[in-house]
Amino acid sequence: AVVSTQSGHYGREELDDVYSSVLLKKHKKSRKVWCNYCTSLASQSRLPEMRELLTKALKSLPKDKHIRTICHFAQTEYKQGDPNRGSTMFENVLTTYPHRLDLWAVYLDKTISLNDKEQSRLLLDRMIGLKLPMKKMKFFFKRYID
């Protein structure tokens, strides 16, 4: 059912029924179900509902899945919603987990994809300022030079 909803076979009401009655009841603890629902709502331009969905997802999911879920919602905001809101979501997560290089890399990629060179440079400057081993910093130095 998840694959069908992403390909656009369901209308608005049918999508809500499938997720609320079947998937979210049976797979409440599944991050993939919440993320697929997020993507489906965003593809239908239902952004306010997608934003409300994040709070519901965080209440239902175990804490170890929160970061990846927030990251997915932030990426969806960048792609189909408000890039500033997506940026704020990344900033909030990175404030709490400043040494998560995977999050920095995703945030940097999304910023670069917007062709916002000034913001990308500022972000790279912040990354270089982190106290990390040289092997890990090599990736960011290469991005900075490009």
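**Notebook: pockets, core, turns and salt bridges**

I began with His66, which is found in helix α5. The model I am reading is a predicted one, and I keep that in mind for every entry below.

**Entry 1: His66**

I asked whether His66 is buried or exposed. At 19% relative accessibility it counts as buried, because the cut-off for that class is under 20%. I then looked up its contacts beyond the neighbours within four places in sequence, and I found Leu58 and Leu61. His66 also appears in the lining of the second largest pocket, so I turned to that pocket next.

**Entry 2: The second largest pocket**

I noted a volume of about 150 Å³ for the second largest pocket. Which residues line it? I listed Leu54, His66, Ile67, Ile70, Met89, Asn92, Val93, Thr96 and Tyr97. By type, I recorded 6 nonpolar residues, 3 polar ones and no charged ones in this lining.

I next asked which helices each supply at least two residues of the lining. They are α5, spanning 66–80, and α6, spanning 83–96. Of the elements, α6 gives the most, with 4 residues.

**Entry 3: The largest nonpolar core**

I looked up the largest nonpolar core and found that it has 33 residues. The residues with the most contacts inside it are Met50, Leu53, Phe73, Trp104, Met127 and Phe140. Two or more residues of this core come from each of α3 (31–43), α4 (47–60), α5, α6, α7 (101–113), α8 (117–128) and α9 (134–145). The largest share, 6 residues, comes from α5. I set beside this a general remark: in soluble globular proteins, nonpolar side chains tend to be buried together.

I followed one member of the core, Phe140, in detail. What does Phe140 touch once its neighbours within four places in sequence are left aside? I wrote down Leu101, Trp104, Ala105, Leu108, Leu124 and Met127. Two of these partners, Trp104 and Met127, are also named among the core residues with the most contacts.

**Entry 4: Positive phi values**

I searched the backbone for positive phi values. The general expectation is that most residues other than glycine have a negative phi. Ser45 has a phi near 60°, a positive value in a residue other than glycine. Ser45 sits in the loop between α3 and α4. I asked whether Ser45 is buried or exposed. Its relative accessibility is 62%, over the 50% cut-off, and therefore Ser45 counts as exposed.

Asn115 gave me a second case, again with a positive phi near 60° in a residue other than glycine. I placed Asn115 in the loop between α7 and α8. Asn115 is exposed, with a relative accessible area of 65%.

**Entry 5: Salt bridges**

How many salt bridges does a search of the whole structure find? I recorded 4 salt bridges, and I describe several of them here.

The side chains of Arg51 and Glu77 meet in a salt bridge of 2.6 Å, N to O. This pair links distant parts of the chain, with Arg51 in helix α4 and Glu77 in helix α5, 26 residues apart. I compared the accessibility of the two partners: Arg51 counts as partly exposed at 25%, whereas Glu77 counts as buried at 1%.

Glu91 forms a salt bridge with Arg126, and their closest N and O atoms are 2.8 Å apart. Glu91 lies in helix α6 and Arg126 in helix α8, so this pair ties together parts that are 35 residues apart in sequence. I noted Arg126 as partly exposed, at 39% relative accessibility.

Arg100 forms a salt bridge with Asp102, for which I noted 2.8 Å between the closest N and O atoms. Both partners are partly exposed: Arg100 has a relative accessibility of 27%, and Asp102 has a relative accessible area of 41%.

**Entry 6: Asp109**

My final look-up was Asp109, which is found in helix α7. Is Asp109 buried, partly exposed or exposed? I recorded a relative accessible area of 37%, which means that Asp109 is partly exposed, between the cut-offs of 20% and 50%. I also noted its position with respect to Ser120: the two are 11 residues apart in sequence and 8.8 Å apart in space, C-alpha to C-alpha.

Technical notes. Residues are numbered from 1 along each chain as its sequence is written. This is a predicted model: local features need pLDDT of at least 70, side-chain atom pairs count only at pLDDT 80 or more; totals for chains, interfaces and linings use all residues. Side-chain values use heavy atoms; hydrogens and water are left out. On a 1 Å grid over the protein atoms alone, a cavity is a set of points where a 1.4 Å probe fits but cannot get out, and a pocket is an open set with protein on both sides within 12 Å along at least five of seven lines; lining residues have an atom within 4 Å of a point. Grid points are joined across faces, edges and corners, and a volume is the space filled by probe spheres set on the points. Ala, Val, Leu, Ile, Met, Phe, Trp, Tyr, Cys and Pro count as nonpolar, Asp, Glu, Lys and Arg as charged, and the others, Gly among them, as polar. A nonpolar core is a set of buried Ala, Val, Leu, Ile, Met, Phe, Trp, Tyr and Cys residues joined through side-chain atoms within 4.5 Å. Buried means under 20% relative accessible area, exposed over 50%, partly exposed in between (1.4 Å probe, protein chains only). Contact means heavy atoms within 4.5 Å.
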